[in-house]
Amino acid sequence: MLDWLLRGQKEEHPSIELNGRRVPIAIRRLPQSRRMTMRLAPDGSEVRIAMPKWGRTQDAVDFANLRADWLAAQLARHTPKVELAPGGVILFAGAPHRIAHSPGSTRRVVCEGGVIHLGGALDSLAPRLTRWIQAQAREHFTQDLAFYCARAGVPVPPLALSGAQARWGSCSARGSVRLNWRLMMAPDSVRRAVVAHEVTHLVHFNHSPAFHALLAQLFEGSIEETNRWLKRHGRSLYTPLG
């Protein structure tokens, strides 16, 4: 390990050993950065470090190694990718659903009793399943936005779906809302909490005490519980879909 660390500055593709496997370290040098920050990619595929543009590669490698225990714990919590194939299991509305494929059945996706039924060609199963979940997400987001906007007394904003790996939702200064379609795989309360959060930003474009007070009025559940769920299980939503 010491020899590897000494070579790290010259290594073209730095990496770190976590839980018995070598994980790449992706380094981004940003002009505006004043310190290093680090996180594990949502799919567990790499360690991502942002640092000042003058930072050395070896500094990033040392930074990762000093926090190797934390990274290993994060990686251990990562849910392995599932196989999008007949018999595979994915989350939908917070519950595991088995994928059932019958070539002779209709191509329309049918979800019932914890089973997602698909017909048609097997090689198009994954993209059709992705499109179906995205359509479900748009439908539910639209309903959620209408509900919370009515509560907040604001117009329903334009909605766009997002596939971002770092954010569950965002609200622009112009009042449009982007929501991560993978939230359709989370429990309903988690999805709705994120929507309520972004609707609150339509009134308070910050995270001030007034923002949190309004969010508590708008959302019918526990924000703390939904935040804990996303922290513990959010990465499990990043299956091979999309």
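These are my notebook entries from a look through this structure, which is a predicted model.

**Entry 1: the hairpin of E1 and E2**

I began near the start of the chain. Strand E1 (residues 15–18) pairs with strand E2 (residues 21–30) in the antiparallel sense, over 4 bridges. I then looked at the turn of this hairpin and found 2 residues between the strands. Asn-19 has a positive phi there, near 50°.

Next I asked myself which residue in E2 is the bridge partner of Glu-17. I found Arg-22 in that place. The side chains of this pair are worth a look too, since Arg-22 forms a salt bridge with Glu-17, with 3.7 Å between the closest N and O atoms. So Glu-17 and Arg-22 are tied together both as bridge partners and through a salt bridge. I looked up the accessibility of both: Arg-22 is partly exposed at 38%, and Glu-17 is also listed as partly exposed, at 45%.

**Entry 2: the sheet with E5 at one edge**

I moved on to an open sheet of 4 strands, and I noted their order as E5-E6-E8-E7, with mixed pairing. Which strands stand at the edges? I found E5 and strand E7 (110–112) there, each pairing on one side only. Neighbouring strands of this sheet are turned against each other by 35° on average, with direction ignored.

I followed one edge in more detail. E7 and E8 run antiparallel and are joined by 3 bridges. Glu-112 stands opposite Val-115, which belongs to E8.

Then I checked the loop between E5 and strand E6 (95–101), where Ala-93 lies. The backbone caught my eye here: phi of Ala-93 is near 55°, a positive value in a residue other than glycine. Ala-93 is partly exposed, with a relative accessible area of 31%.

**Entry 3: the nonpolar cores**

I wanted to know which residues touch the most other members of the largest nonpolar core. They are Leu-129 and Ile-133, in a core of 42 residues. I listed the elements that supply at least two residues each, and they include strand E5 (89–92), strand E8 (115–118), helix H4 (125–152) and strand E11 (177–180). Helix H5 (188–201), helix H6 (209–218) and helix H7 (223–233) are in that list as well. H4 gives the most to this core, with 9 residues.

I also found a second, separate core of 17 residues. Among its members are Leu-18, Met-51, Ala-64 and Ala-72.

**Entry 4: salt bridges**

My count for the structure came to 7 salt bridges. Besides the Arg-22 and Glu-17 pair, I noted Glu-46 with Arg-48, whose closest N and O atoms are 2.8 Å apart. Glu-46 is partly exposed at 22%, and Arg-48 is partly exposed at 22%.

I spent longer on Arg-191 and Asp-144, whose side chains meet in a salt bridge at 2.7 Å, N to O. This pair links distant parts of the chain, with Arg-191 in helix H5 and Asp-144 in helix H4, 47 residues apart. Is this pair buried or exposed? Arg-191 has 3% relative accessibility and so counts as buried. Asp-144 is buried too, with a relative accessible area of 2%.

I then traced the links outward from that pair. Asp-144, Asp-188, Arg-191, Arg-192 and Glu-220 are linked in a network of salt bridges.

**Entry 5: Phe-147 and its partners**

Arg-192 turned up again when I looked at rings. The charged end of Arg-192 sits over the ring of Phe-147, 4.8 Å from the centre of that ring. So Arg-192 appears in my notes both in the salt-bridge network and over a ring.

The structure holds 2 aromatic pairs. I looked up the one made by Phe-147 and Tyr-148: the ring centres are 5.0 Å apart and the planes stand at 85°, so the pair is edge-to-face. The cut-off behind that name is an angle over 60 degrees between the planes.

How do the two residues of this pair compare in accessibility? Phe-147 is partly exposed, with a relative accessible area of 34%, whereas Tyr-148 has 0% and counts as buried.

Note on methods:
Residues numbered from 1 in each chain as written. Predicted model: local features only at pLDDT ≥ 70, side-chain atom pairs only at ≥ 80, totals over all residues. Heavy atoms only, no water. Phe/Tyr/Trp six-rings, centres within 6.5 Å; stacked < 30°, edge-to-face > 60°. Buried < 20%, exposed > 50% of the residue type's maximum accessible area, 1.4 Å probe, protein only. Lys NZ or Arg CZ within 6 Å of the ring centre and 35° of its normal. Core = buried A, V, L, I, M, F, W, Y, C linked by side-chain atoms within 4.5 Å. Salt bridge = Lys/Arg side-chain N within 4 Å of Asp/Glu carboxyl O. Pairing = 2+ DSSP bridges. Axes fitted to C-alpha atoms, helices over the stretch in contact; angles between N-to-C directions.
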